[in-house]
Amino acid sequence: MLVHNAFDRAAAVARHWASHDCPVVIHVDRRASHAEVRAFHAELAGLDNVRFCKRYRCEWGTWSIVQATIAGVEMVLREFPEIAHIYLASGSCLPLRPVEELRHYLAARPRTDFIESVTTDEVPWTIGGLDRERFTLRFPFSWKKNRRLFDRYVALQRRINFKRRIPEGLEPHLGSQWWCLTRRTLEAILTDPERDTYERYFHRVWIPDESYFQTLVRKHSGQIESRSLTLSKFDFQGKPHIFYDDHLQLLRRSDCFVARKIWPQADLLYQTFLAPDAGRTNRAEPNPGKIDRLFSKAVDRRTRGRPGLYMQSRFPNEGWENGKTCARYSVFEGFSELFENFETWLGKTIGARVHGHLYHPDRVEFAGGEAVYNGALCDSAPLRDYDPRAFLTNLIWNTRGERQCFQFGPHDRQQISWFMVGDPNAQISVITGAWAVPLFHSRQSFVDLRKRAAHLQRVEAAHLDILRSPHTRARVRIWSMADFVQNPMEPLQIIIDEIAPRAQRRLTEAPTMVNLDGFGQFLQNLKNQGMKPYLMGDFPVGDDPHPAPRQTSKPYLVK
C-alpha cells in the first residue's frame with residue numbers, strides 16, 4: 001500500500017486485509033508528519049503480518065513513486081515467502097468484495113499477471129501530447145512544482161531534435177499504476193542483470209509508475225491479462241474520479257475486487273465494504289465495463305452539458321458550449337419600423353409574447369413593458385450590456401417552451417450580432433433600410449437627420465456583412481425595403497409558418513403599414529444633401545411639396 005494521507009482510512013483498510021490473512025507492506029510518504037506516522041504505526045501495532053518499508057519523498061510523475069513501490073515489493077518478497085501474488089494498492093483504495101473471493105480468484109490463476117500494458121500507439125487516454133515522447137525526452141523538472149521549466153525544457157529538446165535511446169530489448173508500454181503481479185514475475189524484474197540500466201533510463205521518463213512495470217512485465221511474464229483488477233476511472237482531463245457514498249450501488253455493480261479513489265469522508269462506503277462479509281458470495285468476473293455507460297454519460301454531461309445551459313466547467317472555454325441557446329427564437333429587423341403595432345399583431349398571430357428592442361441603448365423593452373422578466377432579468381441596459389450573450393441565453397433558458405421573438409436594428413447595441421449569427425436556433429428576418437422610416441416621419445433638422453441616416457446605414461451595412469458571413473449558422477432571410485413593401489404577405493406568411501408550423505395559419509390580413517407617401521422624395525433629398533441611401537432599394541421619386549434645396553444652412557423639416 002502506498003499511503004500519503006487519510007491515515008485513519010488507510011489503517012482501516014490495512015487491518016481489513018491483514019485480518020483476512022493477507023500480509024500487508026505499507027509505504028508512507030516521507031512528507032507525512034512524524035505525529036501522523038506515529039499514530040499510524042500505533043493503529044496497526046498489534047498485527048504481525050503488517051510491515052512498513054523504507055520511506056521516500058514521493059512526487060507525482062517522477063521516479064520516486066516507482067522507488068517506493070520497489071521498496072515495498074522487495075520487503076514483501078523477503079518477509080513473506082509464502083505468497084504467490086502481490087497486489088499494489090493506494091491508501092485511498094477500498095476492497096469491494098470479500099478477500100476470500102480474491103484469494104480464490106488468484107489461486108485459480110497462479111501464473112497470470114494482471115496489469116494493464118499497452119503500446120504507446122494504442123493508448124487513447126494520455127493527456128498533454130506526450131505519448132512516445134515521454135520515453136525519448138528527459139524530464140528532470142517536476143510538472144507540478146516547476147511547470148514553466150518543464151514546458152520550456154520539453155520545447156528546447158523538441159527544437160534541437162533531442163531523443164533519448166531506449167534500452168535495447170525494451171518496447172515501451174503504458175497502463176494503470178495499479179497491478180497484481182506474480183512473485184515469479186516480480187523476482188525476475190528485480191533480479192534482471194540490466195536492472196540498473198533500466199532504472200537509470202526510467203529515472204528520467206515522465207510518469208514512470210505507469211510505464212516501468214508495464215514495460216518490463218512484457219520481458220519477464222509468461223501470461224499477461226492486460227487489465228487491472230482495481231476499478232479506477234478518469235475524467236476527460238485525466239483526473240481520477242472520486243467515489244462518494246451515493247456511488248454505493250454503482251461500485252457493487254462493477255463486480256471489481258478493489259476501487260479507487262474513495263473519498264476519505266465516505267463513511268457509508270467504508271462501513272459497508274469493510275464490514276464482516278460472511279455469507280456474501282459473488283463469483284462474477286470483474287467487469288468495470290458494466291458501469292462504463294454511466295461514466296461516459298457523466299463525461300458527456302461534464303464536457304457538453306445540457307443544450308444552451310452554461311456551467312463553470314465549460315464557460316471559460318470558447319466553443320465548449322453544447323449549443324449557444326436551448327431553444328429556437330426569432331429576431332425581426334425593420335418590422336416594427338415599417339408596421340404599426342407590429343409586436344401586438346405578431347403576438348396575436350402566433351399566440352406568444354413578443355418583445356420590443358431587447359438591446360435598446362436606454363432600456364430592455366420586454367413584452368408588455370415589464371420591468372422584470374422570467375429568471376429575474378431586469379430592464380436595466382447597463383446590466384444587460386455587462387454580458388449581452390449571457391442576457392440572451394438566460395432569457396431563452398428561463399422561457400423554455402415559449403418561443404421568444406424580439407426586435408433588433410442598427411440603433412441597438414450591436415455586440416450580440418456575431419453570437420446570434422452563429423446560433424442555429426436563431427431565425428433572423430431583416431428588412432434592410434427600414435430604419436429610415438422613423439427618420440422620414442421625424443421633424444429633425446435635415447442636416448442632423450442626414451448625419452443620423454449615414455450612421456445608421458453604416459451600422460446596418462456592417463451587420464449585414466456579419467449575416468452573410470460563411471460562419472453563419474442562423475436561419476437568415478433578407479429583403480430590401482422596396483421589395484418587401486411590394487408584396488408583404490408572402491414573406492410574412494413564410495416567417496409565420498416557420499415560427500408556428502403546426503398552426504398552418506393562412507394570413508388574411510397583414511399588419512398596418514406606416515404611411516410612405518413621399519418616402520422616395522425623402523431618399524432623393526438625402527442624396528441631394530450628399531448621402532447615398534442604398535439599403536432601401538429603389539423607391540420612385542414622386543411630387544413632393546417641400547423639396548429640399550441642394551445646399552442650405554437652414555433646418556429643413558420633413559413631413
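This section describes helix packing, nonpolar cores and backbone geometry in a predicted model.

Helix α14, which spans residues 342–350, packs against helix α21, residues 489–499, at an angle of about 50°. The axes of these two helices lie 11 Å apart. The two helices are therefore oblique to each other, and their crossing is right-handed. On the side of α14, the contact is formed by F342, W345, L346, T349 and I350, which meet L492, I496 and I499 of α21. By class, the residues of this contact comprise seven nonpolar, one polar and no charged.

The spacing of the contact positions may be read against the geometry of a helix. An α-helix has 3.6 residues a turn, so residues three or four places apart point the same way. Within α14, the buried residues are F342, W345, L346, G347, T349 and I350. These buried residues pack against several elements, namely strand β13 (329–333), helix α13 (335–338), strand β14 (354–357), strand β17 (404–408) and helix α21.

The backbone at both ends of α14 was also examined. In the loop between α13 and α14 lies N341, a residue other than glycine with a positive phi, near 50°. With a relative accessible area of 58%, above the cut-off of 50%, N341 is exposed. After α14 comes G351, whose phi is likewise positive, near 70°.

A second helix pair is formed by α3, residues 63–79, and α7, residues 183–190, which pack at an angle of about 120° with their axes 11 Å apart. This angle makes α3 oblique to α7. The crossing of α3 and α7 is left-handed, whereas that of α14 and α21 is right-handed. Here I70, V73, E74, V76 and L77 of α3 meet R183, L186, E187 and L190 of α7. The contact of α3 with α7 contains six nonpolar, no polar and three charged residues.

Attention now turns to the nonpolar cores. The largest nonpolar core contains 68 residues, of which F335, M481, F519 and F522 touch the most other members. Helix α19, residues 446–467, supplies the largest share of this core, with eight residues. Apart from residues up to four places away in sequence, F335 touches F342, Q407, S429, V430, I431, W479, F484, L492 and I495. Two of these names recur in the helix packing described above: F342 of α14 and L492 of α21 both belong to the contact between those helices. A second, separate core of 47 residues includes M1, A32, Y105 and L269.

A charged residue, R9, is found in helix α1, which covers residues 7–19. The relative accessibility of R9 is 16%, below the cut-off of 20%, and R9 therefore counts as buried. With neighbours within four places in sequence left aside, R9 is in contact with P264, Q265, A266, D267 and Y270.

Two further backbone features occur in loops. The peptide bond from R260 to K261 is cis, with omega near 0°. K261 is located in the loop between strand β12 (258–260) and helix α11 (267–273). In the loop between helix α6 (147–159) and strand β8 (173–174) lies N161. The phi of N161 is near 60°, a positive value in a residue other than glycine. N161 is exposed, as its relative accessible area is 59%.

Methods:
Residues numbered from 1 in each chain as written. Predicted model: local features only at pLDDT ≥ 70, side-chain atom pairs only at ≥ 80, totals over all residues. Heavy atoms only, no water. Axes fitted to C-alpha atoms, helices over the stretch in contact; angles between N-to-C directions. Helix = DSSP H or I, 4+ residues; strand = E, 2+ residues; numbered from the N terminus. Parallel < 35°, antiparallel > 145°, perpendicular 65-115°, else oblique. Left-handed = near helix turned anticlockwise from the far one by under 90°. Contact = heavy atoms within 4.5 Å. Nonpolar A, V, L, I, M, F, W, Y, C, P; charged D, E, K, R; others polar. Core = buried A, V, L, I, M, F, W, Y, C linked by side-chain atoms within 4.5 Å. Buried < 20%, exposed > 50% of the residue type's maximum accessible area, 1.4 Å probe, protein only.
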